[in-house]
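Please find below my notes on the structure, set out as numbered points. They go from the chain as a whole to a few individual residues.

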Amino acid sequence: GLPSPSEGNQFQLWVIADGKPVDLGVLDKDSTFTPKIPLNVTDIQAFAITLEPEGGSKVPTLEQLYVIGNV
């Protein structure tokens, strides 16, 4: 149930591992997930979805945090 992203933005999926955000990829305009190359991520505490500039960001924009959940 995410809203449509504003023009020039995409939703981006993150995990919080070892207390740090790790980029897992972006959702396209149809909310289809395009994952990055698989990462060996361990000790995941949470996941999150943020609204970022198109193409994604290196760090999450917490002011545009839409979903967060503990694992």
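1. Accessible areas here come from the Shrake-Rupley method with a 1.4 Å probe. On that basis the protein chain exposes about 4,700 Å², of which carbon and sulfur atoms supply 56%. The model is a predicted one, and the values below should be read with that in mind.

2. As to secondary structure, the protein chain has five strands and zero helices, so that the pattern read along the sequence is β-β-β-β-β, by the run assignment used here. Of the 71 residues in the protein chain, 30% are buried. Among the contacts with a separation of 6 or more, 53% are accounted for by residues 24 or more positions apart.

3. Asp23 deserves a careful look, since this residue of strand S2 (residues 20–27) has a relative accessible area of 16% and is therefore classed as buried, the cut-off being under 20%. Its side chain is engaged in two directions that can be checked in the model: a polar contact of 2.9 Å joins it to the side chain of Gln12, and the side chain of Asp23 also reaches the backbone nitrogen of Gly25 at 2.8 Å.

4. Which residues is Ser57 in contact with, once its neighbours within four places in sequence are left aside? They are Gln12, Trp14, Asp23 and Glu52, and so the list includes both Asp23 and the Gln12 whose side chain is joined to that of Asp23 by a polar contact. With Glu52 the contact is polar, side chain to side chain, at 2.8 Å.

5. Ser57 is found in the loop between strand S4 (44–53) and strand S5 (65–70), yet it counts as buried, because its relative accessibility of 17% falls under the 20% cut-off. A reader who inspects this loop may wish to view Ser57 together with Asp23, given that the two are in contact and that Asp23 is buried as well, at 16%.

6. At the surface, Ile44, Phe47 and Val71 make a nonpolar patch of about 270 Å². Val71 is placed in the segment after S5, and with a relative accessible area of 68% this residue is exposed, because the class begins over 50%.

7. Is Val71 buried or exposed, when set beside Ser57? Val71 is exposed, at 68%, whereas Ser57 is buried, at 17%; the former contributes to the nonpolar patch with Ile44 and Phe47, while the latter makes its polar side-chain contact with Glu52.

Notes:
Residues numbered from 1 in each chain as written. Predicted model: local features only at pLDDT ≥ 70, side-chain atom pairs only at ≥ 80, totals over all residues. Heavy atoms only, no water. Helix = DSSP H or I, 4+ residues; strand = E, 2+ residues; numbered from the N terminus. Buried < 20%, exposed > 50% of the residue type's maximum accessible area, 1.4 Å probe, protein only. Contact = heavy atoms within 4.5 Å. Polar contact = N/O pair within 3.5 Å; in protein donor to acceptor, adjacent residues only side chain to side chain. Patch = residues over 30% accessible without salt bridge, like charges linked within 9 Å, V, L, I, M, F, W, Y side chains within 5 Å. Salt bridge = Lys/Arg side-chain N within 4 Å of Asp/Glu carboxyl O.
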